[in-house]
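Biologist: I have a structure on my screen and would love some help reading it. Could you walk me through it, one question at a time?

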Amino acid sequence: MRAITITQYGDTDVLRSAEVPAPEPGPGQVRVAVKAAGVNPIDWKIRSGAMEEVYPVEFPHVLGHEFAGVVDAVGEGAGFAVGDEVFGWADTGAYAEYALASKLTRKPAGLSWAEAASLPVAGETALRVLGELEVKPGETIVIHGASGQVGRIATQAAVALGATVVGLAGASSLDEVKELGGVPVRYGDGWVERVRSVAPDGVDAVFDAAGFGVLGDSVDLLGSPDRLITIADPAAHAQGLKFSAGGEQTPAVLEGLVSRELKLKLGTAYAPGDVAEAHRESATGHAGGKITLTFG
């Protein structure tokens, strides 16, 4: 099968299209013919070696964590049939024509391949952090990066909980934040004062999904670091602040995301041969929607 591999850490030039053996499913696994794979910041951070201490890989390594596709082969006790349309997390890399998976669920007919592939990583992350922050009805939460994929889902989920979301985003994305149910605030210099103007009674929690160096000011805004979590700024470790990574990857999480009927936003769909450009766009932090690779 064709797969996007890396044989060393480095810039986008280490990404290679290679022919590798197609994996065979074991007990509880299926093999999926991948239709779309999500491109996430963690992918290019792994590729660059930035995650080596916490997420080392063996070479050659196939990148990619989330997929949508069609079941192609079934292992014993997997609970799926050949031909089922599914999405979830890949046990093997998702940047490939075929991937093994055991943490997946059936794809609703109303979701496109790209939409389904965009849900697992961002959706689990958004719901996990809201749970860790213990967001409650009537509270006010600030979400940095509210127009990004994680931020969009977190904004909608927090609003559904009965919380007020103050969503920080670029000027061109403020209307989107409002459409998601948030109170839009432009990020950049002076953002703290702008938040205080729309939340004069203070805020209860801060979710940093952007990583633009806002942690110190966020602590000042809260008055305490206790209910601040970032998923994007590694400076949190040195500052003694909470960095959330990794969570529960289960079919129930995926089914819960689908049941919410979330408003998703897709960005560029790249062919596998353009994966380097996909990584470069993702690394800008301004993709404007979920980036995917399209197979098949």
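Biologist: Let's start with helices α3 and α4: is their crossing right-handed or left-handed?
Modeller: Happy to help, and please keep in mind that this is a predicted model. Helix α3 covers residues 120-133, and helix α4 covers residues 149-161. Where α3 and α4 cross, the hand is right-handed.

Biologist: Are α3 and α4 roughly parallel, roughly perpendicular or oblique to each other?
Modeller: Their axes lie 8 Å apart and meet at an angle of about 50°. Angles under 35 degrees would count as roughly parallel and 65 to 115 as roughly perpendicular. The angle of α3 and α4 falls in neither range, so α3 is classed as oblique to α4.

Biologist: How many residues of the contact of α3 with α4 are nonpolar, polar and charged?
Modeller: From α3 come Ala122, Gly123, Thr125, Ala126, Leu127 and Leu130. From α4 come Gln149, Val150, Ile153, Ala154, Ala157 and Ala158. Gly counts as polar here, and the division is nine nonpolar, three polar and no charged.

Biologist: Now the sheet: in what order do the six strands of the open sheet come?
Modeller: The pairing in this sheet is parallel. The strands at the edges, each pairing on one side only, are β11 (183-186) and β14 (242-243). Going across, the order is β11-β10-β9-β12-β13-β14.

Biologist: Which residue in β11 stands opposite Leu168?
Modeller: Strand β10, residues 164-169, pairs with β11 in the parallel sense, and four bridges are found. Leu168 is within that pairing, and its opposite number in β11 is Val185.

Biologist: Which strands does helix α7 lie across?
Modeller: Two helices are worth a look here. Helix α4 packs on the sheet, touching β9 (140-144), β10 and β12 (205-208), with its direction at about 170° to that of β9. Helix α7 (residues 215-222) runs at about 160° to β13 (228-230), and the strands it lies across are β9, β12 and β13.

Biologist: Moving to strand β1, which residue in β4 is the bridge partner of Thr5?
Modeller: Strand β1 (residues 2-6) is mostly covered, with four of its five residues buried. It runs antiparallel to β2, joined by four bridges, and Ala3 stands opposite Ala18 there. Two bridges also join β1 to β4 (residues 61-62), again antiparallel. In β4, Thr5 has as its partner Val62.

Biologist: Is Gly28 buried, partly exposed or exposed?
Modeller: Gly28 sits in the loop between β2 (16-19) and β3 (30-38). Beyond its neighbours within four places in sequence, it is in contact with Gly75, Glu76, Gly77, Ala78, Ala101 and Ser102. Its relative accessibility is 27%, and buried would need under 20%, exposed over 50%. Gly28 is therefore partly exposed.

Biologist: And is Glu281 buried or exposed?
Modeller: Glu281 belongs to helix α10, residues 275-284. Not counting residues up to four places away in sequence, Glu281 touches Thr268, Tyr270, Ala287 and Ile291. Its relative accessible area of 15% is under the 20% cut-off, so Glu281 is buried.

Biologist: One last thing: what distance separates the C-alpha atoms of Glu281 and Asp72?
Modeller: These two residues are 209 residues apart along the chain. In space, C-alpha to C-alpha, the separation of Glu281 and Asp72 is 31 Å.

Key: Residues numbered from 1 in each chain as written. Predicted model: local features only at pLDDT ≥ 70, side-chain atom pairs only at ≥ 80, totals over all residues. Heavy atoms only, no water. Pairing = 2+ DSSP bridges. Contact = heavy atoms within 4.5 Å. Axes fitted to C-alpha atoms, helices over the stretch in contact; angles between N-to-C directions. Buried < 20%, exposed > 50% of the residue type's maximum accessible area, 1.4 Å probe, protein only. Parallel < 35°, antiparallel > 145°, perpendicular 65-115°, else oblique. Left-handed = near helix turned anticlockwise from the far one by under 90°.
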